[in-house]
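Trainee: I'd like a close look at one single spot in this model, please, starting from how well its side chain is covered. After that, please work outward from there to the rest of the chain.

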Amino acid sequence: MVWNADPGCCDIPGDAFNVYDKLADGWGMEASMIIPISANRVASTRGHGAGYTSPWNTGNLAEGTEVAIQLCAVKGEAFSCSAAYTGHA
């Protein structure tokens with residue numbers, strides 16, 4: 001999972017995150033923005049094979065807004081999640 005607070009080179013948007021699935025193990029990767037809860041944003045590799053990178057999930061947040069994004073390995077209804085990554089917009 002990659003979080004990008006500010007726009008960067010190569011058309012990388014700001015206030016954006018995406019996920020990459022590198023293992024051909026039947027599990028996908030899914031990241032959810034859990035703070036701010038009103039953002040309701042998810043980036044996922046569900047339905048794609050290993051080596052897939054999700055599109056950037058982006059949306060403007062006020063400068064300095066606290067964010068928390070949780071990464072989960074997902075397979076059907078099963079999931080295993082990390083602690084949340086925290087940062088700022």
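Mentor: Glu30 is a good place to begin: its relative accessibility is 18%, so it counts as buried. Here buried means under 20% relative accessible area, exposed means over 50%, and partly exposed is in between, with a 1.4 Å probe and protein chains only. Before we go on, please keep in mind that this is a predicted model, in which local features need pLDDT of at least 70, side-chain atom pairs count only at pLDDT 80 or more, and totals for chains, interfaces and linings use all residues. Residues are numbered from 1 along each chain as its sequence is written, and side-chain values use heavy atoms, with hydrogens and water left out.

Glu30 forms a salt bridge with Arg46, and the closest N and O atoms are 2.8 Å apart. The rule asks for a side-chain nitrogen of Lys or Arg within 4 Å of a carboxyl oxygen of Asp or Glu, and by it the count comes to one salt bridge. Arg46 sits in the loop between strand E5 (41–44) and strand E6 (52–53), while Glu30 belongs to strand E4, so the pair ties together parts that are 16 residues apart in sequence. Unlike buried Glu30, Arg46 counts as partly exposed because its relative accessibility is 40%. Strands are DSSP runs of E, at least two residues long, and helices are runs of H or I of at least four, numbered from the N terminus.

Let's stay with E4 and turn to the nonpolar side. The largest nonpolar core has eleven residues: Trp3, Phe17, Val19, Met29, Ala31, Met33, Ala43, Leu61, Val67, Ile69 and Ala89. At least two of these residues come from strand E4 (28–35), and at least two from strand E8 (66–75); E4 gives the most, with three. Such a core is a set of buried Ala, Val, Leu, Ile, Met, Phe, Trp, Tyr and Cys residues joined through side-chain atoms within 4.5 Å. Leu61 is a handy core member to follow: beyond its neighbours within four places in sequence, Leu61 is in contact (heavy atoms within 4.5 Å) with Trp3, Asp15, Met33, Pro36, Arg41, Val67 and Ala89.

Pro36, one of those contacts of Leu61, is found in the loop between E4 and E5. A cis peptide bond joins Ile35 to Pro36, with omega about 0°. In the loop between E4 and E5 you will also find Asn40, which has a positive phi of about 45° although it is not a glycine. Asn40 is exposed, with a relative accessible area of 66%. Asp11 also has a positive phi without being a glycine, near 65°; Asp11 is in the loop between E1 and strand E2 (16–18) and counts as exposed at 76% relative accessibility.

That brings us to strand E1 (residues 2–4), where Asn4 has its place. Asn4 counts as buried because its relative accessibility is 19%. A polar atom of the Asn4 side chain lies 2.5 Å from the backbone oxygen of Asp6, and the side chain of Asn4 also reaches the backbone oxygen of Pro13 at 2.8 Å. Leaving aside neighbours within four places in sequence, the contacts of Asn4 are Ile12, Pro13, Gly14, Asp15, Ala16 and Trp56.

Now for the sulfur atoms. With a cut-off of 2.5 Å between cysteine sulfur atoms, the count comes to one disulfide. Cys72 and Cys81 form it, with their sulfur atoms 2.0 Å apart, and the link is right-handed, with 100° about the S-S bond. Cys72 is buried at 11% relative accessibility, whereas Cys81 is partly exposed at 36%. Cys9 and Cys10 both count as exposed, Cys9 at 53% and Cys10 at 66%.

Finally, step back to the whole chain, which has zero helices and ten strands. Its radius of gyration is 13 Å, close to the 12 Å that the globule rule gives for 89 residues, so the chain is as compact as a globular protein of that length. The radius is taken over C-alpha atoms, and the rule is 2.2 Å times the number of residues to the power 0.38. Along its principal axes the C-alpha trace spans about 40 × 30 × 15 Å. Of the 89 residues, 31% count as buried. Among contacts with a separation of 6 or more, 57% join residues 24 or more positions apart.

Key:
Polar contact = N/O pair within 3.5 Å; in protein donor to acceptor, adjacent residues only side chain to side chain.
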